[in-house]
Every structure is written in C-alpha cells, then in structure tokens.
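Thanks for making the time this morning. I would like to walk through one structure with you, going from a pocket to a helix and then to some backbone angles.

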Amino acid sequence: MESLKFGTFIPPIHPTNENPSLCLERDIQLIEHMDKLGFDEAWLGEHHSAGTELFSTPELIILAAHYRTRQIRLGTGVNSLPYHHPLILADRFMQLHHMTQGRAMFGAGPGALVSDAKMMGINPSEQRSMMEEALEDILRLFRGEIVTNQTSWYTLKDARLQLKPYNNSPIEVVTASIASPSGPKAAGRLGTGLI
C-alpha cells in the first residue's frame with residue numbers, strides 16, 4: 001500500500017528590495033528544514049525576467065540542496081524547454097542525476113512568463129509546441145536512444161548522452177500544467193507525470 005507523499009513547489013518569489021544572495025540561501029535552508037520534517041520532494045522553478053523569481057538555473061539550487069539534505073527528492077519545476085537545446089539540457093540533467101545519486105527529477109514546461117520568451121525572441125504562441133518537440137527527444141535521450149531530428153529551432157544528428165541514468169533507474173519526468181490543456185495532453189501522450 002502506498003502512503004500519501006508531501007512536497008512543495010518553490011518558484012521562488014522574493015521582494016526585489018531583499019538581498020538576493022540571502023534569499024537563495026533561505027530557500028536552501030527551507031529545503032533542509034523540509035528534509036528534516038520528512039517531506040518527500042521539492043520542485044524548483046526557472047525564470048529569467050520577473051526580477052522576483054531568482055532561480056535562472058534550478059539545477060544549481062538542486063545540487064546545493066542535495067549536499068545539505070539526506071532524503072528529499074529535488075526536481076526542476078520546471079525547465080522551460082524552448083529556452084534550451086534538448087541535447088545540452090538532457091546531458092546536463094543526466095550529470096545532475098548522477099551527482100544527486102538519483103534524487104533529481106526532471107520537470108518540463110513551455111515557460112510561464114511571456115517576458116522570458118520575448119527576451120529570447122521566442123513567439124509565446126509557439127512555446128507549447130516547442131516544449132512537446134523537445135520533450136519527445138529528451139525522453140528518447142534519457143532512454144539511451146541515438147536521436148536524429150530536425151525542427152524549426154534545433155537540430156540533433158546522431159545525438160546521444162554520455163551517461164545512463166544513475167543505477168540505470170529511469171528518471172522521473174513530469175510535465176507542467178498551468179493555463180491550458182496542452183500540458184496534461186502531452187503528459188498523457190508521452191507517459192510522463194503531471195505537475
């Protein structure tokens with residue numbers, strides 16, 4: 001029988017007049033405290049333009065929290081896939097999966113802030129389809145497949161990852177659901193969890 005699990009999503013939102021270094025440290029301390037309380041997981045967001053949500057690279061916070069906690073699982077909540085080349089993101093995450101001894105979880109989304117996309121010249125109306133394209137290839141890479149694919153925004157030629165998942169265990173992958181049914185549809189079609 002499975003027990004109920006508890007976790008949290010940390011965007012993180014902080015006042016712009018606070019010291020950002022102290023805010024980041026406080027977020028890591030929160031995860032440490034949750035670990036001591038027996039929480040199962042924490043998910044950490046990625047944002048680039050709001051000025052209040054300070055995690056531009058959730059993987060860095062995950063790694064810092066991993067070394068200061070014992071059991072809590074840590075997830076990217078989420079990586080905004082249109083902002084990253086799928087091979088580089090998958091390769092970087094696989095390294096994180098090893099460095100966290102399998103505690104890292106992969107969250108995928110299209111990107112929630114229109115201002116993030118606009119700064120990178122990405123049409124916000126294309127973000128969901130871009131996410132699905134990239135997620136399909138990332139999942140194939142996570143499974144150890146050699147991937148060749150040409151899309152309107154990236155190319156993969158006989159691409160493969162350098163590492164297999166830690167202990168050859170599958171990486172837990174979730175897809176974001178915020179404002180439209182595209183996230184749940186993608187999760188169902190691709191066989192991921194939903195966040």
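What is the volume of the largest pocket? Before I answer, please keep in mind that this is a predicted model, and that every value I quote is computed from it. The volume of the largest pocket comes to about 210 Å³. Its lining is made up of 15 residues, and those that lie nearest the centre are Phe9, Gly77, Val78, Ala176 and Ile178. In terms of character, the lining divides into seven nonpolar residues, seven polar ones and one charged one.

Two of those central residues, Gly77 and Val78, deserve a second look, since the peptide bond that joins glycine 77 to valine 78 is cis, with omega at about 10°. As a general matter, most peptide bonds are trans. Valine 78 itself sits in the loop that runs between strand E3, residues 73–76, and strand E4, residues 79–80.

Let me turn to helix H5, which covers residues 127–142. Its 16 residues, at 1.5 Å a residue, should span 22 Å, and the C-alpha atoms at its ends are 22 Å apart, so the expected and the modelled spans agree. A number of its residues are buried, among them Met130, Met131, Ala134, Leu135, Ile138, Leu139, Leu141 and Phe142, and the buried set also includes Gln127, Glu132 and Asp137. Just after H5 comes glycine 144, with a positive phi of about 90°.

From there we reach a pair of strands, E6, which spans residues 147–150, and E7, which pair in the antiparallel sense over three bridges. A hairpin of four residues connects E6 to E7, and one of the bridges can be named, in that glutamine 150 has threonine 155 of E7 as its partner.

Which residue of strand E7, residues 155–159, should we look at next? I would choose aspartate 158, which lies in that strand and has a positive phi, near 50°, although this residue is not a glycine. In general, most residues other than glycine have a negative phi. Aspartate 158 is exposed, because its relative accessible area of 53% is over the 50% cut-off.

Asparagine 168 can be set beside it, as another non-glycine residue with a positive phi, here about 55°. Asparagine 168 is found in the loop between E7 and strand E8, residues 173–175, and with a relative accessible area of 59% it counts as exposed.

How values were computed
Residues are numbered from 1 along each chain as its sequence is written. This is a predicted model: local features need pLDDT of at least 70, side-chain atom pairs count only at pLDDT 80 or more; totals for chains, interfaces and linings use all residues. Side-chain values use heavy atoms; hydrogens and water are left out. Helices (H or I, at least four residues) and strands (E, at least two) are DSSP runs, numbered from the N terminus. Buried means under 20% relative accessible area, exposed over 50%, partly exposed in between (1.4 Å probe, protein chains only). The expected span of a helix is 1.5 Å times one less than its number of residues. On a 1 Å grid over the protein atoms alone, a cavity is a set of points where a 1.4 Å probe fits but cannot get out, and a pocket is an open set with protein on both sides within 12 Å along at least five of seven lines; lining residues have an atom within 4 Å of a point. Grid points are joined across faces, edges and corners, and a volume is the space filled by probe spheres set on the points. Ala, Val, Leu, Ile, Met, Phe, Trp, Tyr, Cys and Pro count as nonpolar, Asp, Glu, Lys and Arg as charged, and the others, Gly among them, as polar. Two strands pair if DSSP finds at least two bridges between them.
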